[in-house]
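Open the model in your viewer and keep the sequence panel in sight. This tour goes stop by stop, saying what to select and what is there.

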Amino acid sequence: MQECLENRGLEVELADARKFIRTTRSSGIQGVDNQLTFNLIRETLKPGRNYVVPGFIATDTDGSPSSLGRNGSDHTAALI
C-alpha cells in the first residue's frame, strides 16, 4: 500500500500500530487502554503527514503483542 501511494506521488510513512495502540485485560476480556493509546497516538503520529497503518495489531500493557480481534482494522482506524 505504501509503495502504491508513493507511486501516485503521495508522501507516506509506515507506522507500526504496536507502538501506539495498547490493550489491557480486565476480567479475561481484552480491550483498548484508551487513555494510553490516545496519548501515544498524539506523540507518534504527526498532523499533516500521511500514514499507512496495519490494522488490528497492538501491544498489551505488559509489552506482549496482542490483537484487537474481529473488525480490528476498523477499530484501529477509528482510534486514529
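**The whole chain**

Start with a cartoon view. The chain has three helices and six strands. Follow them along the sequence and the pattern reads α-β-β-β-α-β-β-β-α. Keep in mind that this is a predicted model.

Now show the C-alpha atoms alone. They fill a box of roughly 45 × 25 × 20 Å along the principal axes. Of the chain's 80 residues, 28% count as buried. Turn on the surface next. About 5600 Å² is exposed, and carbon and sulfur atoms supply 47% of that area.

How do contacts reach along the sequence? Take the contacts between residues at least 6 apart: 55% of them join residues at least 24 apart.

Colour by charge before moving on. There are 9 positive and 10 negative side chains. The centres of the two sets lie 2 Å apart.

**Stop 1: Glu13 and a salt bridge across the sequence**

How many salt bridges does a search of the whole structure find? The search finds two. Begin with the pair Glu13 and Arg49.

Select both side chains. They meet in a salt bridge, with 3.8 Å from N to O. The pair links distant parts of the chain, 36 residues apart. Glu13 sits in strand S1, residues 12-14. Arg49 sits in the loop between helix H2 (34-44) and strand S4 (50-52).

Is Glu13 buried, exposed or partly exposed? Its relative accessibility is 36%, so Glu13 counts as partly exposed.

Expand the selection around Glu13. Leaving out residues up to four places away in sequence, Glu13 touches Gln2, Arg49, Asn50, Tyr51 and Val52. Then draw a line from Glu13 to Phe56. These two are 43 residues apart along the chain, and 18 Å separates their C-alpha atoms. Phe56 comes up again later.

**Stop 2: Asp16 and Arg18**

Select Asp16 and Arg18 for another salt bridge. The closest N and O atoms of this pair are 2.8 Å apart. Arg18 is partly exposed, with a relative accessible area of 41%. Asp16 is partly exposed too, at 24%. The cut-off for buried is under 20%, so Asp16 does not count as buried.

**Stop 3: from Lys19 to Thr37**

Move along to Lys19. It lies in the loop between S1 and strand S2 (22-26). Lys19 is exposed, with a relative accessible area of 56%.

From here, pick Thr37 as well. The two residues are 18 apart in sequence, and their C-alpha atoms are 9.3 Å apart in space. Thr37 lies in helix H2. Lys19 is exposed, whereas Thr37 counts as buried, at 0% relative accessibility.

Zoom in on the side chain of Thr37. One of its polar atoms lies 2.9 Å from the backbone oxygen of Asp33. What else is Thr37 in contact with, leaving aside neighbours within four places in sequence? The list is Phe20, Ile21, Arg22, Val32 and Leu79.

**Stop 4: Thr23**

Select Thr23, in strand S2. Thr23 is buried, with a relative accessible area of 0%.

Add Ser66 to the selection. A polar contact of 2.7 Å joins the side chains of Thr23 and Ser66. Now widen the view around Thr23. Beyond its neighbours within four places in sequence, its contacts include Gln30, Gly31, Val32 and Asp33. Also among them are Ala58, Thr59, Asp60, Thr61 and Leu68.

**Stop 5: two positive phi angles**

The last stop is about the backbone. Most residues other than glycine have a negative phi.

Go back to Phe56. Its phi is near 70°, a positive value in a residue other than glycine. Phe56 is placed in the loop between S4 and strand S5 (57-60). With a relative accessible area of 41%, Phe56 is partly exposed.

Finish at Asn71. Its phi is near 65°, again positive in a residue other than glycine. Asn71 lies in the loop between strand S6 (65-67) and helix H3 (72-79). Is Asn71 buried or exposed? At 54% relative accessibility, Asn71 counts as exposed.

Terms used: Residues are numbered from 1 along each chain as its sequence is written. Side-chain values use heavy atoms; hydrogens and water are left out. A salt bridge is a side-chain nitrogen of Lys or Arg within 4 Å of a carboxyl oxygen of Asp or Glu. Helices (H or I, at least four residues) and strands (E, at least two) are DSSP runs, numbered from the N terminus. Buried means under 20% relative accessible area, exposed over 50%, partly exposed in between (1.4 Å probe, protein chains only). Contact means heavy atoms within 4.5 Å. Accessible areas come from the Shrake-Rupley method with a 1.4 Å probe; for residues, only the protein chains shown count as cover. Lys and Arg count as positive and Asp and Glu as negative; His and the chain ends are not counted. The place of a charge is taken as NZ of Lys, CZ of Arg, CG of Asp or CD of Glu. A polar contact is a pair of N or O atoms within 3.5 Å; within protein, one must be able to donate a hydrogen and the other to accept it, and residues adjacent in sequence count only if both atoms are side-chain atoms.
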